[in-house]
Amino acid sequence: MRRTIAASPERAAPDRQTETLRTEFPFELPRGYVDESGTVHRDGIMRLATARDELIPLRDDRVRENSAYLSVVLISRVLTRLGSIEDIHPGIVEDLFASDLAFLQDFYRRINAEGHTRAAVTCPSCQENFAVDLSGGGRLGES
């Protein structure tokens with residue numbers, strides 16, 4: 001005998017036919033990566049991190065010797081494109097300007113910590129509540 005148990009309304013999945021999981025986020029670096037030919041690469045794509053992305057760098061000898069290197073390895077794993085460069089490795093991240101690395105570390109936290117890049121805000125003038133997308137790809141200090 002098989003029993004069918006109906007899901008309670010609070011456990012039922014909402015009807016989200018048009019909603020899809022966003023896994024890649026565009027950005028623009030404040031300064032940009034300068035390659036060996038002098039080309040500046042500023043725009044790029046960062047994907048959501050997986051558990052593997054966060055675990056594998058812990059086995060890296062460079063991370064074991066210097067824990068600060070963890071962010072270099074981690075960022076290199078989740079960047080899928082930087083300008084025209086698609087093969088991102090720790091050497092590229094090492095050569096970023098410090099402000100660009102800080103930008104990418106913050107961007108990584110924003111897209112991975114909450115599972116989304118939207119934040120609820122209140123207009124200081126009219127007190128209306130609305131959501132803003134923090135992954136707009138703008139440069140530091142831009143809204």
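**Reading a predicted model**

Biologist: Arg47 counts as partly exposed, with a relative accessibility of 23%. Which side chain does Arg47 meet in a salt bridge?

Modeller: Bear in mind that this is a predicted model. To call a salt bridge, look for a side-chain nitrogen of Lys or Arg within 4 Å of a carboxyl oxygen of Asp or Glu. Arg47 meets Asp53 in this way, at 2.6 Å from N to O. Asp53 is buried, with a relative accessible area of 2%. The two also belong to a network of salt bridges that links Arg47, Asp53 and Arg77.

Biologist: How many salt bridges does the structure hold?

Modeller: There are seven salt bridges in the structure. One of them joins Arg62 to Asp60, with the closest N and O atoms 2.7 Å apart. Here Asp60 is buried at 17% relative accessible area, while Arg62 is partly exposed at 39%. Another pairs Asp43 with Arg81, and their closest N and O atoms are 3.1 Å apart. Asp43 lies in strand E2 and Arg81 in strand E3, so this pair ties together parts that are 38 residues apart in sequence. Both are partly exposed: Asp43 has a relative accessible area of 38%, and Arg81 has 24%.

Biologist: In which order do the strands of the open sheet stand?

Modeller: The order is E1-E2-E3, and the three strands pair in the antiparallel sense. Strands E1 (24-34) and E3 (79-82) are at the edges with a single partner strand each, so one side of each has no neighbour in the sheet. On average, neighbouring strands are turned by 25° against each other, direction ignored.

Biologist: How many bridges join E1 to E2?

Modeller: Seven bridges join E1 to strand E2, which covers residues 40-47. As an example of the register, Pro26 has Ile45 in E2 as its bridge partner. E1 and E2 form a hairpin with five residues between them, and Gly38 in the turn has a positive phi of about 95°. On the other side, E2 and E3 pair over three bridges, with Gly44 opposite Leu82 in E3.

Biologist: What lies across this sheet?

Modeller: Helix H5, residues 98-113, lies across E1, E2 and E3 and runs at about 170° to E1. In sequence order, the whole chain follows the pattern β-β-α-α-α-β-α-α-β-β, with five helices and five strands.

Biologist: Is helix H3 mostly covered or mostly uncovered?

Modeller: Burial is read residue by residue, with under 20% relative accessible area as the limit. Helix H3 (residues 70-78) is mostly covered, as seven of its nine residues are buried. Among them are Val72, Val73, Leu74 and Ile75. Their cover includes E2, E3 and H5, along with helices H1 (51-55), H2 (61-65) and H4 (90-94). For the chain as a whole, 29% of the 143 residues count as buried.

Biologist: How many disulfides does the count come to?

Modeller: A disulfide is a covalent bond between the sulfur atoms of two cysteines. The cut-off used is 2.5 Å between the sulfurs. The count comes to zero disulfides. Cys123 is in none, and its nearest cysteine sulfur, that of Cys126, is 3.6 Å away. Cys126 is partly exposed, with a relative accessible area of 48%.

Note on methods. Residues are numbered from 1 along each chain as its sequence is written. This is a predicted model: local features need pLDDT of at least 70, side-chain atom pairs count only at pLDDT 80 or more; totals for chains, interfaces and linings use all residues. Side-chain values use heavy atoms; hydrogens and water are left out. Two strands pair if DSSP finds at least two bridges between them. Helices (H or I, at least four residues) and strands (E, at least two) are DSSP runs, numbered from the N terminus. Axes are lines fitted to C-alpha atoms, for helices over the stretch in contact, and angles run from 0 to 180 degrees between N-to-C directions. Contact means heavy atoms within 4.5 Å. Buried means under 20% relative accessible area, exposed over 50%, partly exposed in between (1.4 Å probe, protein chains only).
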